Every structure is written in C-alpha cells, then in structure tokens.
Amino acid sequence: MLQLLVNGLVTGSVYAIAAVGVSLVYGILRLVNFAFGDVMAFGAFMAFLFDVTLGLPMVAATLLAMLVTAALSVALEGVLWRPLRQRRAGFMSLFLASVGLALVLRQAIFLVAGPQPRAYAVDPYRVYVVASIRLSTGQTVALSVGTATIVAVGLILGLTTVGRTMRAVADDRALAAVAGIDTERVVVLTWVLAGLLAGLAGVLAGLVQSSFDPNFGFSLLLPTFAAVVLGGIGSAYGALAGGILLGLATELSTWSGFFGGVDSVYKPVVAFVVLILALLLRPQGLLGKARIA
C-alpha cells in the first residue's frame, strides 16, 4: 500500500506538471491544445539528443530540452496560433489546428528519430530503498523534481507579478487590457512557461517509463486532459491537484486489498472512471468555478 502511494505521487507529479501547462494555455487563450502531448514527446527526444547523443549530463540535457521546447512553443505562437486568432478562428477551428499540429509533430519525430524506443543514460536497475519503499533512479528524480516544480509553479502563480497578470488575463482579458496589462506579452510568457513545463514533463515521463518512442506523447495526453478537467478547466491550481489525485487513484487501484486490485493494464480506465464520478458530484471540477444560469 505504501509503495503504491509513493508510485501514485510519482505518476501524479508528472500529470500535474503537464496539466498545469495545458490549463494555463486554455485559461488565457481558450485553446484546447491537443498537440501538448507531442510537444512533451519533443522535449523528451531533445533531452535524449543532449544526454545520449551529445553526452551531456542529464541535468544539463533536461534544462536545454526545456529551453528548446519553450522556443518551439513561442515559434508556434508566432507562425500558427497568433495568425489564427487575428483571423478570429473559432473554437473548433483552433481545436482542429491543434490536432493537425499533433500529427505533424509526431510524424516529424518519427522521420528524424525513427520508431525505435529510446532510453536516457540512466541506470534503470539502480534502486533506492527507504524502509519498505523501493524507487528506481527515474522515479526518485521524478518525485523530487516534480514536487519542487509543483511548489515553484504555485509560488510563481500566487506571488509574482507574472503570475498575477496571467491570472488577471485568464479571468477577463478585455478588462486586463483596459487596466494596462500588455496581454500579448502575457500570451508569449504563457507559451514560454507551458513549453518549459511540457519539456520537463516529457523528460520525467521518459525517466519513469525507462524507455519511450514517438507515440508516448499521445499516451500521456489523455490522462493529462483528465487531470485538467478533474481539477477544473482553466484553473492552474486545480490542474496541479487533479494531476496528483489522478496519479494516486490509478496506482492505488491496483492494490490487492481493493477487491483484489485492478490489472495495471486498466489504469487509464480507472483514471476516467474517477473523472466521471468526480464530475457527477462536482461538474465544475475540484477548483473550477460553477456556472451561474
């Protein structure tokens, strides 16, 4: 039980980091970014390039991959998302554009990197034992870095000027512009932060899974969206809470004391069952705002 609890925190921290990136973009741009999973995969493969191909230390490789992924996010804002907004593209048009972008990114990774699984230069068999808990190197890194990142994101959103302006634009973009906030600058900063989080989440997911291929971004996308909805669409704090809760629920569902436990193959199903049950009780999500008719 304790081992599964820690495993749930590991998984949940990855979901939470990815979910807050998705939530920030939706909260400010009202864009359901279906390409976010493949942006995460891009970050994971960039870290592989720096770590394995170029021989850099894993920490340096991760930081560089985050920066390159953030640069990709900003570039896509300039060449795709901003022109679509200027042409007043509707919600469905933006959604379909994100689906198309996801396919383009995935196939580009296939063409450049090939379909074979990749792994970082980290020993997957090295295990750290604390009491009765066993964690691999990847899990240990994901848990520690994920926890620090979640705390840092919470502090940035709650205590810094950047975080306050992001929340102001998310609440009412027109009113924020009238108040003197440079909304376009906030949009760019949002893409930078979302790109950094996507790159980090992709690397951590690759470490936890030990190996990854160009398709693994899509497998991460659905539970990430589930965490966003569970926490409350557009709520960054809710996304953090939803990610952690979803990770715990999926891992603890395999506990043998829970009616014999669920086969690990069905953990994604458990995630969406939890989502459905939670929304039946609280349709706006954990920290979302209820609509007033």
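Glu-77 is buried in this predicted model, and its relative accessible area comes to 1%; the residue counts as buried because that value falls under 20%. Its side chain nevertheless has a charged partner, for Glu-77 meets the side chain of Arg-85 in a salt bridge with an N to O distance of 2.7 Å.

From Arg-85 the path continues to a second carboxylate, since the side chains of Arg-85 and Glu-184 also meet in a salt bridge, here at 3.6 Å from N to O, which lies within the 4 Å that defines such a contact. This pair links distant parts of the chain, with Arg-85 in helix H3, spanning residues 58-86, and Glu-184 in helix H8, spanning residues 183-209, so that 99 residues separate the two partners.

Glu-184 itself is partly exposed, with a relative accessible area of 33%, a value that falls between the limits of 20% and 50%. It also forms a salt bridge with Arg-173, where the closest N and O atoms are 3.1 Å apart. Because Arg-173 belongs to helix H7, made up of residues 173-178, while Glu-184 lies in helix H8, this pair ties together parts that are 11 residues apart in sequence. Arg-173 is likewise partly exposed, and its relative accessible area is 27%.

Taken together, these contacts belong to one network, in which salt bridges that share partners join Glu-77, Arg-82, Arg-85, Arg-173 and Glu-184. The structure as a whole holds 6 salt bridges, among them the pairs Arg-85 with Glu-77, Arg-85 with Glu-184 and Glu-184 with Arg-173.

How values were computed: Residues numbered from 1 in each chain as written. Predicted model: local features only at pLDDT ≥ 70, side-chain atom pairs only at ≥ 80, totals over all residues. Heavy atoms only, no water. Buried < 20%, exposed > 50% of the residue type's maximum accessible area, 1.4 Å probe, protein only. Helix = DSSP H or I, 4+ residues; strand = E, 2+ residues; numbered from the N terminus.
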